[in-house]
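This report is meant for someone meeting the structure shown here without earlier acquaintance. It begins with the overall plan of the chain and then turns to the sheet, the helix, the loops and a pocket.

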Amino acid sequence: MMSLIEVKNLEKVFESDAASTRALRGIDLTISAGEFMAVVGPSGSGKSTLLQILGLLDGPSSGEYFLSGRDTKTFSE
């Protein structure tokens with residue numbers, strides 16, 4: 001069965017003048033079509049950041065994200 005979502009070594013770093021904040025570190029995730037999942041964790045653990053990237057509202061700082069087998073780096077705005 002083909003993966004609907006496949007994430008490899010996903011990272012997100014927010015940069016500011018004062019500091020860098022690492023929101024995601026090395027996330028690997030595979031979700032198949034028809035599969036259910038939940039994202040849980042304490043406040044500040046990167047749940048919203050991960051979901052924004054998976055929903056294509058934001059992009060990762062590094063790593064790979066494939067949606068239905070297509071590399072999301074190739075998607076237009």
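Helices and strands are here runs assigned by DSSP, of at least four residues (H or I) for a helix and at least two (E) for a strand, and they are numbered from the N terminus. With that in mind, the protein chain of this predicted model follows the pattern β-β-α-β-β when read along the sequence, and its secondary structure comes to 1 helix and 4 strands.

**Overall form**

The C-alpha trace of the protein chain spans about 45 × 30 × 20 Å along its principal axes. Of the 77 residues in the protein chain, 25% are buried. Among the contacts in the chain with a separation of 6 or more, 54% are accounted for by residues 24 or more positions apart.

**The sheet**

How are the strands ordered in the open sheet? The order is β2-β1-β3-β4, with antiparallel pairing among the 4 strands, and the edge strands are β2 and β4, each of which pairs on one side only. The pairings are set out below, each with one or more of the residue partners found in it.

| Strand pair | Bridges | Residue partners |
|---|---|---|
| β1 (residues 3-15) and β2 (residues 20-32) | 9 bridges | Val13 with Arg22; Glu15 with Ser20 |
| β1 (residues 3-15) and β3 (residues 62-67) | 5 bridges | Val7 with Tyr65; Lys8 with Glu64 |
| β3 (residues 62-67) and β4 (residues 70-71) | 2 bridges | Phe66 with Asp71 |

Strand β1 thus appears in two of these rows, being joined to β2 by 9 bridges and to β3 by 5 bridges. A hairpin leads from β1 to β2 through 4 residues, and Glu15 of the pair Glu15 and Ser20 has its bridge partner in β2. The hairpin of β3 and β4, in turn, has 2 residues between the strands. As a general point, the side chains in a regular strand alternate between the two faces of the sheet.

**The helix on the sheet**

Helix α1, which covers residues 47-54, packs on the sheet and touches β1, β2 and β3, while its direction makes about 125° with that of β1. One residue found in this helix is Thr49. Is Thr49 buried or exposed? Thr49 counts as buried because its relative accessibility is 12%, and buried means under 20%. Leaving aside residues up to four places away in sequence, Thr49 touches Lys12, Phe14, Ala23 and Leu24.

**Two residues with a positive phi**

Most residues other than glycine have a negative phi, and two residues of this chain may be read against that background. Leu56 is not a glycine, yet its phi is positive, at about 65°. Leu56 lies in the loop between α1 and β3, and it counts as partly exposed because its relative accessibility is 41%, a value to be set against the range between 20% and 50%.

Ser68 is likewise a residue other than glycine with a positive phi, in this case near 55°. Ser68 lies in the loop between β3 and β4, and therefore belongs to the description of the hairpin of those strands, where its positive phi also appears. Its relative accessibility is 38%, so Ser68 counts as partly exposed.

**The largest pocket**

Which residues are closest to the centre of the largest pocket? The largest pocket has a volume of about 250 Å³, and of the 13 residues that line it, Leu56, Asp58, Gly59, Thr72 and Phe75 are the closest to its centre. The residues of the lining divide into 6 nonpolar, 4 polar and 3 charged. Leu56 therefore links two parts of this account, because the partly exposed loop residue is also one of those closest to the centre of the pocket.

Definitions and conventions
Residues are numbered from 1 along each chain as its sequence is written. This is a predicted model: local features need pLDDT of at least 70, side-chain atom pairs count only at pLDDT 80 or more; totals for chains, interfaces and linings use all residues. Side-chain values use heavy atoms; hydrogens and water are left out. Two strands pair if DSSP finds at least two bridges between them. On a 1 Å grid over the protein atoms alone, a cavity is a set of points where a 1.4 Å probe fits but cannot get out, and a pocket is an open set with protein on both sides within 12 Å along at least five of seven lines; lining residues have an atom within 4 Å of a point. Grid points are joined across faces, edges and corners, and a volume is the space filled by probe spheres set on the points. Ala, Val, Leu, Ile, Met, Phe, Trp, Tyr, Cys and Pro count as nonpolar, Asp, Glu, Lys and Arg as charged, and the others, Gly among them, as polar. Contact means heavy atoms within 4.5 Å. Axes are lines fitted to C-alpha atoms, for helices over the stretch in contact, and angles run from 0 to 180 degrees between N-to-C directions. Buried means under 20% relative accessible area, exposed over 50%, partly exposed in between (1.4 Å probe, protein chains only).
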